[in-house]
Amino acid sequence: MTQQLQDEFDSSVENAEAWMKAIQERLRINDNTKGPRSALEARLRETEKIRALEPEGSLKMDLILVKADAALRSISEEKKREVLSKLKDIKALWEETAIYITHCHSRIEWVWLHWSEYLKAQNEFYTWIHNMRVTLEPDIELQLGLKEKQWQLSHAQVLQNDVLNQSVLLERLLEEAASLFSRIGDPSVDEDAQKKMRVEYEGIRQEAQNRVKLLETITKEHEQYSASVNQFQSWLNGVTEKLNCCIGGATKTSAEDKLKALKEIAKDIRSGGKKWKRLENQCAEVIQNTSPLGSARLKDELEELRKALEKLKLLSSEEEERLLKIQQSESAYESQARQLEADIQQLRKDLQRLENDLDPGEGEKTEDEFVTLWKKCNATRAALAAEESKIERLKAQLKELLRFSQDVQPHAESVVSAIQQYQSVRSKTSKMSTDTEAQLWRLIQNPLQSFEQWKPSVQMLLETPEPELAHIEAALAESSQLKEKLMILQLKKDLLNNVLGEEKAESLLQEVAEASKEREILHKSLLQSKSKLQNLILQHKNFDAGFAPLQKKLSAIKAKLDLEKEPQPDLLGKKTQLQRLQMIQDDLAELAIHMEEVEKLVQSNTTHRHEMNQLSSDSQALKRSLEMMIQQSEDHVQKHWAYNDKLSDLQQWISVTRERIDSCQDADGEQNTEGRLEDLERLLAEFPDKEIQLNLVEAHGQLVMENSSPEETAHVQAELDQLRESWKSLKEMATDLLKKWQLSRPVADKKKKKRAFVDSRWMSRPAFHLFDVDPNHKQEKMGEGQTASSHLKLLHDFEEWLQGENTKLTKILAGTPSSAEEIKAHQSQLEEMQSRVPHGQQLFEDLLHLHPVVGSSEDLEELRYRWMLYKSKLREALSSPERSGGPCSFLHRVRRAALPLQLLLLLLLLLAFLLPLAERESHSCTLANNFARSFKLMLRYEGPPPT
């Protein structure tokens, strides 16, 4: 057995060694990167196949290791060394083979990838060469104008820059070709191929440069022509402006001077014709390199310049003829001009005399001197008003001169100068009078002005958060001075009446009185500010001592509030939590009082005020959070209290009702059967209201479970389940008892049928006429039962629909909306339910039509009551304004809790109006009322039912 294991090991070693040598031989054959690309790809595929055999070699090595392990366990120590030596040699050979596989494949693959990338770059380069040759091959297109030629030159320069930039890629490509040629030795990348690439690039570059040079020449030639055109246009504009100056009537030159200027202009026009000829020659050269449309434009432009030159020449000749006619009218003009100058000189003498009388003198003047000067100014005003007629006469004479073609500008200037002198004297008089009045007014109003200047500075000083004590004391001193000045001004009442008039003087004295009052108020405010500032200097020292305890107390209150966010297990826990929150609110209110005391110390310190504002902001945020938590806690307590109260009431009613039903079952005797049946009917009449109350209790229970701990949620759910079971058992007990008595009392059964049919008149008239038939006809239908199955199905469908709608309405009424959005959502839900009422009414009418005469009417009677109660409750919910929340929310909850009782009273009131006593006619209220036998007193009414 030992020899067999060793033979198996030796055989596996020999097989593996032969396989590895064969692999190495294949690698040696393919380990070469020289040659064409197809050979390189074949060697690459061969090395990939060899690399794929590497797992086979690993498998052979694993087999050798297994065999070696088996042999080493059963051979001697001497043979173990021999086995281990062979195992070491074969491992070394396998490692050499694996490395050789990886290196050989990687080397060939790298060369192949390098060659592929080079070929890709070479293709891109030749593609660029082809595209550029296609772009540069066509002849240069003729352009429309200079701007288009400049654009064409710019585009050619862009192409030239692209060609120059491509040289970098060419050099890189040539380097890669040389590197690749040294590895593969293929003729596709030898020096001839590299030279070919360079030659093709140089051809493209030379062609681009030649194109740019030609376009530069064409563009420069057009630019020179455009400059010549602009120069000619400028010259033409200058000559035109000179001619316009000669033609215009506003010029000051004489007719002789204008004639000389026109001769010079004619000479310039003759020289302009030569310039136009030179311009025409340049245009012919430019047209050779311009498109047909552009050439037409150049010719049109040159023709317009020629026409402008001809027009200028024609205007110059016409103006020269016109000036010769003007010289004939100058003699008549001179005589009227001399008379006008004489009148102007006389007016100037009179104005100079009045002006000399207005000399105010120099130096400071008293109030009496100002009054005398003011009177003199008024007299001068009257004299100037008399001279105004002379001014009008001078204007008329000047207008006569304007009829002549001569220049009247000097005479007009003389008239204007005289008028200006008159205006100057009048303005000087008015100004002096105004200045005199202003000086008097300034002297009188100086104390008020001083007060108005002092008032804003004091107000600004009072509004300053941190005023300086020295500024306040300076303002107080100036206030005392203003007080003396205002008192003196009030004593000058007579002087003010003489100068300003009684009305204006009275207004001024009133302003002085008001200024005195304002000064007194500001003076008191300055005194108070001075006192406060002195106190604040002492209070700043106490701020740090009071701020730190406030921070600590606020942090403690916040920590307490964080502990109260957990839900409570029961009603007692919620009440206790509410009390704790109210205590925290008291602590926060006390903290606010302390903060107000500390805030008084930081009115003038910006840094302390910022710290106090931050603390106040944190306190307000905490207060808002606390108020929200207190509101939520109160809501939770109120909901839990309402749930407990309603649950207790309903449980108590179920217990009392159960006892009453038990007492009815225990009572014997046929004489009391009628009374017990009426008692049982009254109990059953309470069931729809109590079922609504049951739904309300379940809705309140859901609200309580949403805001309670898991333990309390499980407890409330257990109470609701127990209540629902008690309700079902009580209802089944009452129903069974009623059926039992109905079977034993056929007459009572007949009366109940009457009661079951009366409400169909309330719901719809067709239902009433359907069931208001003769009793004998009813007896005939008792045995037919043709529509029994349809009636049962429709009854079941209507009960399910009514139960679902009632549950939805109960949940809506149990909720307490706290925002406008929630109120709007509740209102929309109620309106949607109201829209489904006609559908329910139709179902109920179909139920009445299909109601079989044979059988009991207890289910239909109960269903009718539930339907009436549902509609009443929905109408009240839609018409109730208390659902808007706010301060009336508590009143709304009280009314909602009393809703079942209100509905019952409303139903009894309606029945009382429907109770008749007469049974003599088929349409009497007695036959139509199901409860005619349920009351001692009845209304006596003959006729159709009132509803």
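In this predicted model, Asn695 touches Arg724, Gln803, Asn806 and Thr810, leaving aside residues up to four places away in sequence. Asn695 itself sits in helix H19 and is buried, with a relative accessible area of 7%. One of its contacts, Arg724, also has a charged partner: the side chains of Arg724 and Glu698 meet in a salt bridge, at 2.7 Å from N to O. That pair ties together distant parts of the chain, with Glu698 in helix H19 (residues 673-706) and Arg724 in helix H20 (residues 710-744), 26 residues apart. Glu698 counts as partly exposed because its relative accessibility is 22%, and the cut-off for buried is under 20%.

Zooming out, the protein is built with 30 helices and zero strands. Of its 947 residues, 37% are buried. Its accessible surface comes to about 55200 Å², and carbon and sulfur atoms hold 53% of that. As for contacts with a separation of 6 or more, 81% are between residues 24 or more positions apart.

Back to the charged pairs. Side chains of opposite charge can pair when their charged atoms come close. The structure holds 21 salt bridges, and another of them joins Arg198 to Glu171, with the closest N and O atoms 3.1 Å apart. Here too distant parts of the chain are linked: Arg198 belongs to helix H6 (residues 191-247) and Glu171 to helix H5 (residues 146-184), with their positions 27 residues apart. Both ends of the bridge are partly exposed, Arg198 at a relative accessible area of 34% and Glu171 at 36%.

The bridge between Glu805 and Lys808 is a more local affair, in that the two residues are three apart in helix H24 (residues 788-814) and so are separated by about one helical turn. Their side chains meet at 4.0 Å, N to O. The two ends differ in exposure: Glu805 is buried, with a relative accessible area of 5%, whereas Lys808 is partly exposed at 44%. The pair is also part of a network of salt bridges that links Glu805, Lys808, Glu832 and Arg836.

Next come the helices themselves, starting with H2 (residues 37-52). Its 16 residues should span 22 Å at 1.5 Å a residue, and the end C-alpha atoms are indeed 22 Å apart. Leu40, Arg43, Leu44, Thr47 and Ile50 are the buried residues listed for H2. Viewed down the helix axis, the buried residues of H2 fall within an arc of 120°, so they line one face. The face turned away from that buried side carries the exposed residues Ser38, Lys49 and Ala52. The spacing along such a face follows from helix geometry: an α-helix has 3.6 residues a turn, so residues three or four places apart point the same way.

Helix H11 (residues 388-401) gives a similar picture. It has 14 residues and reaches 21 Å from its first C-alpha to its last, close to the 20 Å expected at 1.5 Å a residue. Ile391, Leu394, Leu398 and Leu401 are buried in H11. Down the axis of H11, the buried residues fall within an arc of 70°, so they too line one face of the helix.

Helix H17 (residues 571-599) has 29 residues, which should span 42 Å at 1.5 Å a residue; the end C-alpha atoms are 41 Å apart, in agreement with that figure. Its buried residues include Leu571, Gly573, Lys574 and Gln577. Further along H17, the buried set also takes in Leu578, Leu581, Ile584, Leu588, Leu591, Met595 and Val598.

Two other leucines round out the picture. Leu259 is placed in helix H7 (residues 255-287) and is buried, with a relative accessible area of 15%. The C-alpha atoms of Leu259 and Cys246 are separated by 8.5 Å, the two residues being 13 apart along the chain. Leu901, by contrast, is exposed, with a relative accessible area of 55%. It lies in helix H29 (residues 899-914), and together with Leu905 and Leu908 it makes a nonpolar surface patch of about 300 Å².

Conventions:
Residues numbered from 1 in each chain as written. Predicted model: local features only at pLDDT ≥ 70, side-chain atom pairs only at ≥ 80, totals over all residues. Heavy atoms only, no water. Patch = residues over 30% accessible without salt bridge, like charges linked within 9 Å, V, L, I, M, F, W, Y side chains within 5 Å. Areas by Shrake-Rupley, 256 points an atom, 1.4 Å probe, with all protein chains shown as cover. Helix = DSSP H or I, 4+ residues; strand = E, 2+ residues; numbered from the N terminus. Buried < 20%, exposed > 50% of the residue type's maximum accessible area, 1.4 Å probe, protein only. Expected span 1.5 Å × (residues − 1). Arc of directions from axis to C-beta. Contact = heavy atoms within 4.5 Å.
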